[in-house]
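User: I would like a close look at a single part of this model, followed by an account of the sheets around which the rest of the description can be arranged. Please keep the answer connected.

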Amino acid sequence: MMRATPRSLRGMVSAPHHLAAQAGRDVLAEGGSAVEAAVATAACLAVVYPHMTGIGGDGFWLVAEPDGRTWAIDGCGAAAMAADRALYRDHATIPWRGALAANTVAGTVAGWQAALAQSGASLSLDRLLRDAIHHARTGVAVTAGGAQIAATVSAALRDLPGDYARIFEPEGRPLAEGDLLRQPALATSLERLAGEGLDGFYCGALAQDIAADLAMLGSPIAAADLAAFAALPVEPLAVDITGARLFNLPPPTQGVASLLILALFDRLGAGMCDGFDHVHRLVEATKQAFRWRDAHVGDPATMTAGAQALLDDKAMLDAMAAAIDPDHAAPWPHPPALGDTTWFGAADARGQVVSCIQSTYFEFGSGLVLPRTGITWQNRGCSFALDGDGPNRLHPGARPFHTLNPALARFADGRVMAYGTMGGEGQPQTQAAIFTRHAQFGQPLQAAIDAPRWLLGRTWGDQSTTLKIEAGFDPALYEQLRAAGHAVETVPGWSSMMGHAGAILRHPGGLLEGATDPRSDGMVATW
C-alpha cells in the first residue's frame, strides 16, 4: 500500500535514518537554516549509519537559495602524494579493502565547513554536532538493514588492522538487530571538531592523530595530504527540460549521467507511468548516459570532454535520443560502478533547500577504523585505474570518479525539488524514476519513491549485469521488456539494492512535501 506524502510549512528533513532526520529537524526548530540542519543530519548519519557513510568519506552539496541562486560544494578528497603506480607494483588493480584501499583524503568534514561558510551559520558547531556526539557515546540500536550488511561483510573486514572488530564486533560476532553500537573514540573526535573547529580534521592535533593512525595501519595518506585539502565551491551542472531546469554536481561525480538520462527521456516521452515506454526508454537513456560517462568522466583536470558543454549541445542530445530504439534493447553490459551512500535533504521556512550526499563508498569503506579517532576511512580511491591514460588514472593528487550525485530541480512554476539516493550505479536510474513519476506523470512524491524500481547493471556482491526489476509492476511489463531484448531478473519488492531514496519539494507559497524510502530506516521529520 502506498503511503501518504508528509507535508509541513516551517521546515523539513528527509534522511535514511530516523534519528538523523530528527537531529536536523530539531536544528530547524531552534532557528537553524536548511544548511545547518543538513550538517546536523550528516554528522548524525556518520554515527548511526556507519555502514553507509562517515566522516572518513566524501560529500557533495547542492543548495537552492530563495533568491534563485543555486550553488554547489565538492567535498571529494584527492589521492595521497604517495599514491602512485609504484605503491601498487604488486597489484593489477587497487585492493577494495585494507590500507592500500585507503588512499584518498576524506572530504566530508571540509564539505560541511565550506557549506556553512557559504551560507552563514547562526548556531554553534557544538549545537550542530550535539546529537551525533550523544549517539556515538551513549550508543544507538542497530537496524535490521545495518545488521544484515554487517553480517555480509564480516569475513572481509574483521581481521583487518585497526579497530573494526573491536567496534563493530565487540563480542566476536557482527552486531545484530537491536544491539547497541557504541563509538566512544568517534564521539571524542566529534567533540574535538565542535571545540576546535572543522578545519581541525585537516590541521592541528586531531589531524595529527588521524595521520598517525593512517600511517600505523599502512595507508599512504600523510599529514601533508590532509593539510593541503579544501572542499571546492563549484558551478553546478544544469540542463533544461520541459517545465524545469535540473541541477547536479560536475565531474568527478556522475552527475552528468543523471542529467543526461532525463534530458534524453524528455526528447522521447512516454505514454503511461511505469508502462513499457516509460521503463524501456529510461533504461535505454541510461545506457547512452553511462557510455558517455565511462568514456569521459573522471578527474576534471585530465578530462578532454566537457560535461556542461555536452548538456548545452542540443544537436548532440537530439542525436543521442534519436539513437534509442523505442522498441528494442541496445546491447549491454557495460562496466559498472559500485558503492553505497546516504542522501539527505533539508528545507527551511525562508526557502533554502538542500540536496546532499555523502559516502565511504563500499559498506564500511576500506574497513580501516582508526584506533585513536574511531573514524572509518573510505575506499573511494579503489575506483582509480592503475594503468592507461584515461581521466580516472591514479596519480598523486588525482580526484577519483564518484557515483555520488545529489539532484535538484527548479520548476517553471516556482517549485523546488531536492532528491537523491544511495546505490552506486543505481543512483541516476532511481533519480530518473522518481523525478519522471512525480514531475512528468503527477504521481504523489511518496508514492513515486514507494513504487517498484529497476536497476540496470551489477550490484555489490553480484556479478550479473541484468536489468533487475522489483516485484509489483504490472505483470505484463516483465514480458514486454524481455520481448524487447532486456535480460530481466525479478527481485523482491522494496529491495535495498534499489537504493535508499528521499525527496523534498517546496511549493512557491512555502508548503513543503517530503518522502523517504521504505527500503531504508529513515523518516521525514517535519517542523
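User: How many of the five residues of strand S2 (residues 11-15) are buried, and what does that say about how the strand sits in the structure?

Analyst: The model is a predicted one, and the description below should be read with that in mind. In strand S2, five of the five residues are buried, so the strand is largely enclosed by the rest of the structure; the cut-off behind that reasoning is a relative accessible area under 20%. The burial concerns both faces of S2, with Gly11, Val13 and Ala15 buried on one side and Met12 and Ser14 buried on the other. This division is readily followed along the chain, because in a regular strand the side chains alternate between the two faces of the sheet. S2 is joined by four bridges to strand S19 (residues 523-526), and the two run antiparallel; within this pairing, Met12 has Thr526 of S19 as its bridge partner.

The open sheet of seven strands can be described next. Its order is S1-S18-S17-S13-S12-S9-S8, and the pairing is antiparallel. Strand S1 (7-8) and strand S8 (237-241) stand at the edges with a single partner strand each, so one side of each has no neighbour in the sheet. Within the sheet, strand S12 (residues 407-411) pairs with strand S13 (residues 416-420) in the antiparallel sense over four bridges, and Arg410 stands opposite Val416 in S13. Two helices accompany these strands: helix H11 (residues 255-268) lies across S8, strand S9 (244-248) and S13, running at about 10° to S8, while helix H15 (residues 427-440) packs on the sheet and touches S8, S9, S12, S13 and strand S17 (502-506), its direction making about 150° with that of S13.

An open sheet of three strands has the order S14-S15-S16, and its pairing is mixed. Strand S14 (454-456) and strand S16 (488-491) stand at its edges, each with a single partner strand, so that one side of each is left without a neighbour in the sheet; from one strand to the next, the twist averages 20°. The parallel component of the pairing is found between strand S15 (residues 467-470) and S16, which are linked over four bridges, and Glu470 has Val491 in S16 as its bridge partner. Helix H17 (residues 475-483) packs on this sheet, where it touches S15 and S16, and its direction makes about 155° with that of S16. Helix H12 (residues 276-296), in turn, lies across S14 and S15 and runs at about 30° to S14.

Note on methods: Residues numbered from 1 in each chain as written. Predicted model: local features only at pLDDT ≥ 70, side-chain atom pairs only at ≥ 80, totals over all residues. Heavy atoms only, no water. Pairing = 2+ DSSP bridges. Contact = heavy atoms within 4.5 Å. Axes fitted to C-alpha atoms, helices over the stretch in contact; angles between N-to-C directions. Buried < 20%, exposed > 50% of the residue type's maximum accessible area, 1.4 Å probe, protein only.
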